[in-house]
Amino acid sequence: MLDSLPSSESQESNSLNYQWRNSGDSERRRTAASLECLRSSEARLVELELCRRDICHWVNTWLYIYDPWALSAGEDPIQPFDLFPSQVDLLRWLQEREAGQQNGIVVKSRESGGTFLCGADALHSFLFRPMAAIGFGASDLDLLDKSEDPKAIFWKLRFILDRLPLWMLPAGW
């Protein structure tokens, strides 16, 4: 069954086809994937391989973000992380930098999801690339890691990890 997975080349050529995921069926799609993986160990193996091969699939299927603007609008602040095309482009670009061992700088505006995107990229490496070395920096220690502050980078990383299914986390996590 794993042999039938799409190659990374075909996934890259379809990288902008993630627009359809930004629709009202996000929760239904995520629930269906979750239930299938709970029912079948083979489905979990296939899903893990899909996630390893395609960070955008992983984000669009399994990740959630905290959106304080939703809370102020009276909505649930825990939202599915459904990528916009520009976010797909950034994740692909980050992966290219990593694969080519190249440096890069991301210039972003506030509230564009950049910290969650870079966090997702780092966590993807942590989960699917053994021995990955990952680092973060901030101008102030509280911006890096303040356990009760949703603005802190490590708070966002913990938020993502806390919502992943246990079978996706490393053994003994």
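**Exercise 1. Describe the overall organisation of the chain.**

*Solution.* The chain contains nine helices and two strands, where helices (H or I, at least four residues) and strands (E, at least two) are DSSP runs numbered from the N terminus. The model is predicted: local features need pLDDT of at least 70, side-chain atom pairs count only at pLDDT 80 or more, and totals for chains, interfaces and linings use all residues. Residues are numbered from 1 along each chain as its sequence is written, and side-chain values use heavy atoms, with hydrogens and water left out.

Step 1. Along the sequence, the elements follow the pattern α-α-α-α-β-α-β-α-α-α-α.

Step 2. Of the 173 residues in the chain, 39% are buried; buried means under 20% relative accessible area, exposed over 50%, and partly exposed in between (1.4 Å probe, protein chains only).

Step 3. The accessible surface of the chain is about 10,400 Å², and carbon and sulfur atoms hold 55% of this surface. Accessible areas come from the Shrake-Rupley method with a 1.4 Å probe, and for residues only the protein chains shown count as cover.

Step 4. Among contacts in the chain with a separation of 6 or more, 63% join residues 24 or more positions apart; contact means heavy atoms within 4.5 Å.

**Exercise 2. Determine the span of helix α7 and identify what covers its buried residues.**

*Solution.* Step 1. Helix α7 comprises residues 114–128, 15 residues in total. From its first C-alpha to its last it reaches 21 Å, close to the 21 Å expected at 1.5 Å a residue. The expected span is 1.5 Å times one less than the number of residues in the helix.

Step 2. The helix is mostly covered, with 12 of its 15 residues buried. Among them are Phe116, Leu117, Asp121, His124 and Phe128. Cys118, by contrast, is partly exposed, because its relative accessible area is 23%.

Step 3. The cover of the buried residues of α7 includes α3 (41–53), α4 (55–62), β1 (64–66), α6 (85–99) and α9 (153–162).

Step 4. Gln95 lies in helix α6 and is buried, since its relative accessible area is 17%. Leaving aside neighbours within four places in sequence, Gln95 contacts Ile55, Asp121, His124 and Arg129.

**Exercise 3. Analyse the salt bridges that involve Glu49, Arg92 and Asp82.**

*Solution.* Step 1. The whole structure holds eight salt bridges, a salt bridge being a side-chain nitrogen of Lys or Arg within 4 Å of a carboxyl oxygen of Asp or Glu.

Step 2. Glu49 pairs with Arg52 at 2.4 Å, N to O. Both residues lie in helix α3, three residues apart, about one turn of the helix. Glu49 also forms a salt bridge with Arg53, with the closest N and O atoms 2.7 Å apart. Arg53 and Glu49 are separated by about one helical turn because they are four residues apart in helix α3. An α-helix has 3.6 residues a turn, so residues three or four places apart point the same way.

Step 3. Glu49 is buried, as its relative accessible area is 16%. Arg52 is partly exposed at 39%, and Arg53 is partly exposed at 30%.

Step 4. A salt bridge also joins the side chains of Arg92 and Asp54 (3.0 Å, N to O). This pair links distant parts of the chain, with Arg92 in helix α6 and Asp54 in the loop between α3 and α4, 38 residues apart. Both Arg92 and Asp54 are buried.

Step 5. Asp82 belongs to a network of salt bridges that links it with Arg29 and Arg30.

**Exercise 4. Establish the disulfide status of Cys37.**

*Solution.* Step 1. A disulfide is a pair of cysteine sulfur atoms within 2.5 Å, and the structure holds zero disulfides.

Step 2. Cys37 is in no disulfide, the nearest cysteine sulfur being that of Cys51, 7.9 Å away.

Step 3. Cys37 is buried because its relative accessibility is 3%.

**Exercise 5. Characterise the surroundings of Glu27.**

*Solution.* Step 1. Glu27 is located in helix α2 (residues 26–39). It counts as partly exposed because its relative accessibility is 37%.

Step 2. Glu27 touches Tyr64 and Pro80, not counting residues up to four places away in sequence.

Step 3. The C-alpha atoms of Glu27 and Gln79 are separated by 9.5 Å, while the two residues stand 52 residues apart along the chain.
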